[in-house]
Amino acid sequence: MKTNVLECKDVSKRIRGRYLVKDVSFQVERGAICGLLGPNGAGKTTLIRMLTGLIRPTEGDLWIQQQSVVKNREQALKNVGAIVESPIFFSYMTGRDNLKNLARLHGLSKREIHEKVLEVLAIVGLEGRADEKVRTYSLGMKQRLGIAQSLLGDPELLILDEPANGLDPMGMRELRELILTLKDQYGKTILISSHLLDEIQKMCDQIVIIREGQMVWQGELDHEQDLETFFMERMSQ
Ligand SMILES: Nc1ncnc2c1ncn2[C@@H]1O[C@H](COP(=O)(O)OP(=O)(O)OP(=O)(O)O)[C@@H](O)[C@H]1O
């Protein structure tokens, strides 16, 4: 049976009388990659901030693994690893030490921390550079370290806000391959916001399109169809 790892139902966020997000409802099935698309200012980050419990919706609710982010925030967020805006590190520390630092918050023993950090470094392909300071990392390596951070708690759902921003074509390709590996080999469910329609078309199983805070389309991604044309049509309706 297919289950939804993520559900948003009639979610709105209003600030000073203005809706930043209005009546958004969608679901993401276990093991799917969902692309969240919309032009600048559409409300993607606001929606992601609600999903990660950083702000509360004015109306509606969001469920992660059937746990309400509004009513049961801590339980719901145990199932989420996220990069919102950009990942945060101590640049004077090594990649490995940054990960160890965070892993301590997951209540693991010293040995478990050591093993977990090795495991996530291997998943993101940073073992070879793990003992170098983060300030020497490329942007693509920092993004992969951010994903390694978000994997420390073994989350079912990964939420990645604009992870490909600023990456060169090689960095983008590595990121895409990593995201597909997380889905195919590790069974992760992934919500990814992006402006890069080409990347979304190569990775996603389904898409949600928002414009001016409102959802204008959600459903399976038709890989035969040109996403840019489809997106532009939704924007002009
Ligand atoms: N705290 C806030 N108070 C008032 N308005 C806000 C606040 N945060 C965001 N907004 C406004 O809400 C709208 C949606 O912003 P949001 O950052 O969610 O869009 P976005 O789709 O992520 O855009 P981008 O692609 O540019 O990152 C914008 O018009 C923004 O100016």
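How far apart do the end C-alpha atoms of residues 6–237 lie, and how much of the span is helix and how much strand? The end C-alpha atoms lie 27 Å apart, and the span is 36% helix and 27% strand. Residues 6–237 are what UniProt, in an unreviewed entry, annotates as "domain: ABC transporter". Before I go on, please keep in mind that this is a predicted model.

I'll start with the ligand. Going along the chain, the residues that surround the ligand begin with Ile15 and Leu20. Then come Gly38, Asn40, Gly41, Ala42 and Gly43, followed by Lys44, Thr45 and Thr46. By class, this shell has 3 nonpolar residues, 6 polar and 1 charged. Which element gives the largest share of the shell? That is helix H1, residues 44–51, with 3 residues.

Now the helix packing. Two packed helices are described by the angle between their axes and the distance between the axes, and I have three pairs to go through.

The first pair is H3, residues 95–103, with H4, residues 110–124. Their axes come within 10 Å and cross at roughly 125°. H3 and H4 are therefore oblique to each other, and the crossing in which H3 passes H4 is right-handed. On the H3 side the residues are Arg96, Leu99, Lys100 and Ala103. In H4 they meet Ile113, Lys116, Val117, Val120 and Leu121. The contact of H3 with H4 counts 6 nonpolar and 3 charged residues, with no polar ones.

H3 also packs against H5, at an angle of about 25° and with the axes 10 Å apart. The angle makes H3 roughly parallel to H5, since the cut-off for that term is under 35 degrees. Here too H3 passes its partner, H5, in a right-handed crossing. H3 contributes Gly95, Asn98, Leu99 and Leu102, while H5 contributes Leu145, Ala148 and Gln149. In this contact 4 residues are nonpolar, 3 are polar and none is charged. Leu99 of H3 appears in the contact with H5 and also in the one with H4.

The third pair is H5, residues 139–151, with H6, residues 169–184. The axes come within 9 Å and cross at roughly 15°, which makes H5 roughly parallel to H6. What is the handedness of the crossing of H5 and H6? It is right-handed. From H5 the contact takes Leu139, Gly140, Gln143, Arg144 and Ile147. From H6 it takes Gly171, Glu174, Leu175 and Leu178. The classes here are 4 nonpolar, 3 polar and 2 charged.

To recap the packing: H3 is oblique to H4, H3 is roughly parallel to H5, and H5 is roughly parallel to H6. H3 touches H5 through residues including Leu102, and H5 touches H6 through residues including Ile147. That is what I have for today.

Note on methods
Residues numbered from 1 in each chain as written. Predicted model: local features only at pLDDT ≥ 70, side-chain atom pairs only at ≥ 80, totals over all residues. Axes fitted to C-alpha atoms, helices over the stretch in contact; angles between N-to-C directions. Helix = DSSP H or I, 4+ residues; strand = E, 2+ residues; numbered from the N terminus. Parallel < 35°, antiparallel > 145°, perpendicular 65-115°, else oblique. Left-handed = near helix turned anticlockwise from the far one by under 90°. Contact = placed C-beta atoms within 7 Å. Nonpolar A, V, L, I, M, F, W, Y, C, P; charged D, E, K, R; others polar. Near = placed C-beta within 6 Å. UniProt positions renumbered as here; feature names shortened; annotations may be inferred.
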